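Here is a walk through a two-chain model, from overall build down to single residues. Have the structure open as you read.

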Amino acid sequence: MTLTSRHIHAYLLLLPAFIFLVGFTHYPAIGTLIDSLMSTPRAGRAAVFVGLENYQVMSEDPNFWKALRNNFWFALATIPISIALSIAMALWVNDKIAGRQFLRLSFFLPTVLPMIAVANIWIFFYTPGYGLINQVLGVFGFASQNFLGDPQLALGAVTVVAIWKEAGFFMIFYLAALQTLSPSYQEAAQIEGAGRWYFFRRIQWPLLMPTTIFVLVNALINAFRMVDHIIVMTKGGPDNATSLLLFYLYEVGFSFWDRGYASALTAVLLLILAVVGLLQFFMLDRRTHYR
Amino acid sequence: MSIMTTPALPTKPATAPNRVATSLGQPAGLLSTLGAWVLALCWIAPLLYAFWAAIHPSEFATKLIWNAPLTFDNFIAAWEAAPFARYFLNTTMLVTMILMIQLVLCTLAAYAFARYEFCGKNILFSLMLVQLMVMPEILIVRNYQTLSQLGLVDTLFGIGLPYFASAFAIFLLRQTFKTIPKELVEAAMMEGATALQVLRHVYIPLAKPTYLAFALVSVSYHWNNFLWPLVVSNSVESRPLTVGLQVFSSTDQGIDWSIITAATLLTSGPLLLGFLIFQRQFVQSFMRAGIK
């Protein structure tokens, strides 16, 4: 085979996949940036160039800032807590522990189920008055709480669901990493008489660093991508207390049908993901020093 | 859920033996075991609670009494209250269609990245990886426009379309293809096999575990996918289970919790059953998918 024909061959193999990749990732990404500079086409009026007007509107839109702030707190809570829990889960399931199979099943099960299905169960769980959580609170003499209806509690309530859904997924990656660690570390630690915590902090944790960075990036993306439970449980309410960026974008785009503004919101989301991407790039660079 | 790739971990050969059950850590202390069990019970409690509500008459949904009568009526009522049979069919067709097309397209692309040298290879590879971070549902507004220009809104084909090429699958398969020894390929070439025959008879059979891993990830992802189908589907004929369940449980017509939980368990049923049966393969393929 000649060189040129090998090139053509390769391009032909790539072509079908790239039609879809470009068509639904790159082309819409660029299209969104252009749309964000245009007005929303209405009946009889085509979209016209409006410059940064959509961004101007955004900077004065309290609902946008609320969604951004909520998303920030949502990320700040879900990421460290789900990572810490997933490490604990992986360490337990990796040890010789009574009921390993059951533990692994319990931790991992929320991950396989549809978020929209489990969100329904959680609504039931949170129901004021007779939901299980309130029944337990009642036993200890606390007043019944309307978790999803109280602006003070709602964001926390949906954050718990996200952590519950995610932790088991991250556990799998830690488990995989733990299985690749050589047993001789542990033997050495036992001979030296190192405690469980010391062994984790000085040996396992540093060796798990690449996995942690990987999980961190995943958790960051998920924090800006998870909206299924918001749609099912609170619809962003009460009083926008649980509105997240992607949820707000969905609302603007498909309830208010304001394409120009929704595109500007998408651009913000793309910017955040780009920052996450760069972060990963630099951390990937740094972590090679571990090897 | 998004799955990224972590190249820094040592990659095992595609046929790595199962190590989940073999390499156990140290014995856990009593306190540690207790902690693990408390957390595990918290984790599974919502599902057990849902199960309780679904198999008892609704007056016992919130009363945990030991001898409450069992019933299967909630499942029957849920099944009859909404066209779940049609939703099941839709989801099954959707998931199958996406997986089949993904396997074909991504195999071809992965083969090109693994075994060909061509201009712009690195740029194209980086462009492909962008999809790991920017998934089609982030660009939902613009993708919806594309779909309506194609006249595919409210069709199963339209729901699947943005997912036909998966950067994750291409990356995963490329990694596997790269581990296949050159000698095997050269031997096949000597026999006069064409490039596609080599792919068909050497690469694909040797990458079977990777295909299985990806299939499990893809099926569970698309079975559970919600936001994009919610926006695109508009009728019973194109609605997948997740959207059907949402339509069913959000119509506030006095449906009681027992029936909603029954419907919820129904929709997750096949995945739940599949997971219980293939638990080990499932966990392993997620692990494999993540660490490759």
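What radius of gyration does chain A have, and what would a compact globule of 291 residues have? Chain A comes out at 24 Å, whereas a compact globule of 291 residues would be near 19 Å. Bear in mind that this is a predicted model. Along its principal axes, the C-alpha atoms of chain A fill a box of roughly 80 × 75 × 30 Å.

**The two chains**

Helices are what you will see here. Chain A has 13 helices and zero strands, and chain B has 14 helices and zero strands. Read from the N terminus, the elements of chain B run α-α-α-α-α-α-α-α-α-α-α-α-α-α. Of the 291 residues in chain A, 47% are buried; for the 292 residues of chain B, the share is 45%.

Then there is the reach of the contacts. If you take the contacts in chain A between residues at least 6 apart in sequence, 68% of them join residues at least 24 apart. In chain B, residues 24 or more positions apart account for 78% of the contacts with a separation of 6 or more.

**Where the chains meet**

How many residues does each chain bring to the contact? Chain A puts in 86 residues and chain B puts in 82 residues. On the chain B side, helix α1 (residues 30–54) gives the most, with eleven residues. Sorted by class, that side of chain B has 58 nonpolar, 22 polar and two charged residues.

One helix pair across the chains is worth a look. Helix α1 (residues 3–35) of chain A and helix α5 (residues 140–149) of chain B have axes that come within 8 Å and cross at roughly 110 degrees. With angles of 65 to 115 degrees counting as roughly perpendicular, that makes α1(A) roughly perpendicular to α5(B). From α1(A), the residues involved are Gly23(A), Phe24(A), Pro28(A), Gly31(A), Thr32(A) and Asp35(A), and they meet Val141(B), Arg142(B), Asn143(B) and Thr146(B) in α5(B). By class, the contact of α1(A) with α5(B) is made of three nonpolar, five polar and two charged residues.

**The core**

Which residues touch the most other members of the largest nonpolar core? They are Met171(A), Tyr174(A), Ala109(B) and Ile170(B), out of 166 residues in that core. Helix α7 (residues 154–180) of chain A gives the most to this core, with 19 residues. Zoom in on Ala109(B) and, leaving aside its neighbours within four places in sequence, you find contacts with Leu13(A), Leu14(A), Ala17(A) and Ile170(B).

**A helix in the open**

Helix α8 (residues 183–192) of chain A is another story. Is α8(A) largely in the open or buried? None of its ten residues is buried, so α8(A) lies largely in the open. Just after α8(A) comes Gly193(A), with a positive phi of about 75 degrees.

**Some single residues**

Leu227(B) sits in helix α11 (residues 227–232) of chain B. Not counting residues up to four places away in sequence, Leu227(B) touches Val227(A), Asp228(A), Tyr250(A), Glu137(B) and Ile140(B). Leu227(B) is also 9.7 Å from Ile138(B), C-alpha to C-alpha, with their places 89 residues apart in sequence. Why does Leu227(B) count as buried? Leu227(B) is buried because 24 other C-beta atoms lie within 10 Å, and the cut-off for that is 20 or more.

Gln135(A), in helix α6 (residues 132–139) of chain A, is partly exposed, with 15 C-beta neighbours inside 10 Å. Its C-alpha atom is separated by 9.7 Å from that of Phe125(A), ten residues away along the chain.

Two residues in the loop between α11 (228–233) and α12 (245–254) of chain A also deserve a click. One of them is Lys235(A), which has a positive phi although it is not a glycine. Asn240(A) is in the loop between α11 and α12 as well, and has a positive phi without being a glycine.

Here is how the neighbour counts of these residues line up:

| Residue | C-beta neighbours within 10 Å | Burial |
|---|---|---|
| Leu227(B) | 24 C-beta atoms | buried |
| Asn240(A) | 20 C-beta atoms | buried |
| Gln135(A) | 15 C-beta atoms | partly exposed |
| Lys235(A) | 14 C-beta atoms | partly exposed |

As for the backbone angles in that loop, phi is about 50 degrees at Lys235(A) and about 60 degrees at Asn240(A).

How values were computed
Residues numbered from 1 in each chain as written. Chains lettered and ligands numbered in written order. Predicted model: local features only at pLDDT ≥ 70, side-chain atom pairs only at ≥ 80, totals over all residues. Helix = DSSP H or I, 4+ residues; strand = E, 2+ residues; numbered from the N terminus. Rg over C-alpha atoms; globule rule 2.2 N^0.38 Å. Buried ≥ 20, exposed ≤ 12 C-beta atoms within 10 Å, placed from the backbone. Contact = placed C-beta atoms within 7 Å. Axes fitted to C-alpha atoms, helices over the stretch in contact; angles between N-to-C directions. Parallel < 35°, antiparallel > 145°, perpendicular 65-115°, else oblique. Nonpolar A, V, L, I, M, F, W, Y, C, P; charged D, E, K, R; others polar. Core = buried A, V, L, I, M, F, W, Y, C linked by C-beta atoms within 7 Å.
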